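Subject: Structure handover

Hi,

Here is the structure I promised to pass on. Please open it before you read the notes below.

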Amino acid sequence: MNICVFLSAAELDERYTRPAREFAELLGKGGHTLVWGGSDVGLMKVVADGVQEAGGRLVGVSVEFLSAKARPGADEMIVARDLAERKALLLEHADAVVIMVGGTGTLDEATEILELKKHGHTDKPVVLLNTAGFYDGLKEQFLRMEAEGFLPVPLTDLVFFAEEAVGALAYLEESRGQQ
């Protein structure tokens, strides 16, 4: 399976890097391909390293203004003109999406895939990996949106919240019939 991971390129501490490395190792050992933003820095590097070391493939989608930070040695590296094209290419190359910890770029990518799902433009499974409770506030906001009628479909049809890497990958494999 080609699994797109939206995540930060920031240098983060062990409470975020350890679970990211665990997920990456599971992805690689499972024979999956990582589709990611292509950067060779921060948490993006941690995940790419883990997938590659565990035998998985890497498909990066960088963007022109960040191409100097693109990972050398990826199995495939695509360079988009701008962020909008990058998001489209990431989703085009993915069978499923995992949202890991990140900043505004990650949040932008996450809301785009959820909006596409809401309107029936994709049926790709989406997991929000809530490492160290990072997305507790966002989950609460989504639940409020659902309760107050802002979501025309059940939240569970849009996204699966996982607290651990093993649960995230198990959900994706089950969603795609790969057990």
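The notes below go through the strands, some positions in helices and loops, and then the charges.

One caution before the details: this is a predicted model.

**Strands**

Start with strand S1, residues 2–6. It is largely enclosed by the rest of the structure, because 4 of its 5 residues are buried. S1 has strand partners in S2 and S5. With S2 (residues 33–36) it shares 3 bridges, and the two run parallel. With S5 it shares 4 bridges, again in parallel.

Cysteine 4 is a handy residue to click on. It stands opposite valine 35 in S2. It also stands opposite valine 97 in S5.

Next, S5 itself, residues 96–99. In a regular strand, side chains alternate between the two faces of the sheet. Here both faces are covered. Ala96 and Val98 are buried on one side, Val97 and Ile99 on the other.

S5 also pairs with S6. The two run parallel and are joined by 3 bridges. Valine 98 has valine 127 of S6 as its bridge partner.

Leucine 128 sits in S6 too. Is leucine 128 buried or exposed? It counts as buried, because its relative accessibility is 1%, and the cut-off for buried is under 20%. For a distance check, take leucine 128 and alanine 170. They are 42 residues apart along the chain, and their C-alpha atoms are separated by 13 Å.

**Helix H1**

Two residues of H1 are worth selecting. Alanine 24 lies in this helix, which spans residues 14–29. It is buried, with a relative accessible area of 0%. Its C-alpha atom is 14 Å from that of serine 8, with the two positions 16 residues apart along the chain.

Lysine 29 is also in H1. It counts as exposed, because its relative accessibility is 66%, and exposed means over 50%. What separates the C-alpha atoms of lysine 29 and alanine 54? The distance is 5.3 Å, for residues 25 apart along the chain.

**A backbone angle to look at**

Most residues other than glycine have a negative phi. Alanine 132 has a positive one, near 55°. You will find alanine 132 in the loop between strand S6 (126–129) and helix H5 (136–147). At 54% relative accessibility, it counts as exposed.

**Salt bridges**

How many salt bridges does the count come to? There are 11. Three of the pairs are set out here, with the closest N to O distance for each.

- Aspartate 13 and arginine 15 meet at 3.4 Å. Aspartate 13 is partly exposed at 40% relative accessible area. Arginine 15 is partly exposed at 47%.
- Lysine 45 and aspartate 49 meet at 3.1 Å. Both lie in helix H2 (residues 42–53), 4 residues apart, about one turn of the helix. Lysine 45 is partly exposed, with a relative accessible area of 33%.
- Arginine 81 and glutamate 85 have their closest N and O atoms 3.1 Å apart. Arginine 81 counts as exposed at 57%. Glutamate 85 counts as partly exposed at 22%.

There is also a network. Salt bridges that share partners join Asp40, Lys45, Asp49 and Arg71. The lysine 45 and aspartate 49 pair listed above is among its members.

**A negative patch**

Which residues form the negative surface patch? They are Asp136, Glu140, Glu163 and Glu164. Glutamate 164 lies in the loop between strand S7 (160–162) and helix H7 (165–175). Why does glutamate 164 count as partly exposed? Its relative accessibility is 49%, and residues count as exposed only over 50%.

**Where to click first**

If time is short, try three stops. Begin at cysteine 4, opposite valine 35 in S2 and valine 97 in S5. Go on to alanine 132 and its positive phi. Finish at the patch of Asp136, Glu140, Glu163 and Glu164.

Best wishes

Definitions and conventions
Residues are numbered from 1 along each chain as its sequence is written. This is a predicted model: local features need pLDDT of at least 70, side-chain atom pairs count only at pLDDT 80 or more; totals for chains, interfaces and linings use all residues. Side-chain values use heavy atoms; hydrogens and water are left out. Patches are made of residues with over 30% relative accessible area and no salt bridge: like charges are joined within 9 Å, nonpolar side chains (Val, Leu, Ile, Met, Phe, Trp, Tyr) within 5 Å. Accessible areas come from the Shrake-Rupley method with a 1.4 Å probe; for residues, only the protein chains shown count as cover. A salt bridge is a side-chain nitrogen of Lys or Arg within 4 Å of a carboxyl oxygen of Asp or Glu. Lys and Arg count as positive and Asp and Glu as negative; His and the chain ends are not counted. The place of a charge is taken as NZ of Lys, CZ of Arg, CG of Asp or CD of Glu. Buried means under 20% relative accessible area, exposed over 50%, partly exposed in between (1.4 Å probe, protein chains only). Two strands pair if DSSP finds at least two bridges between them.
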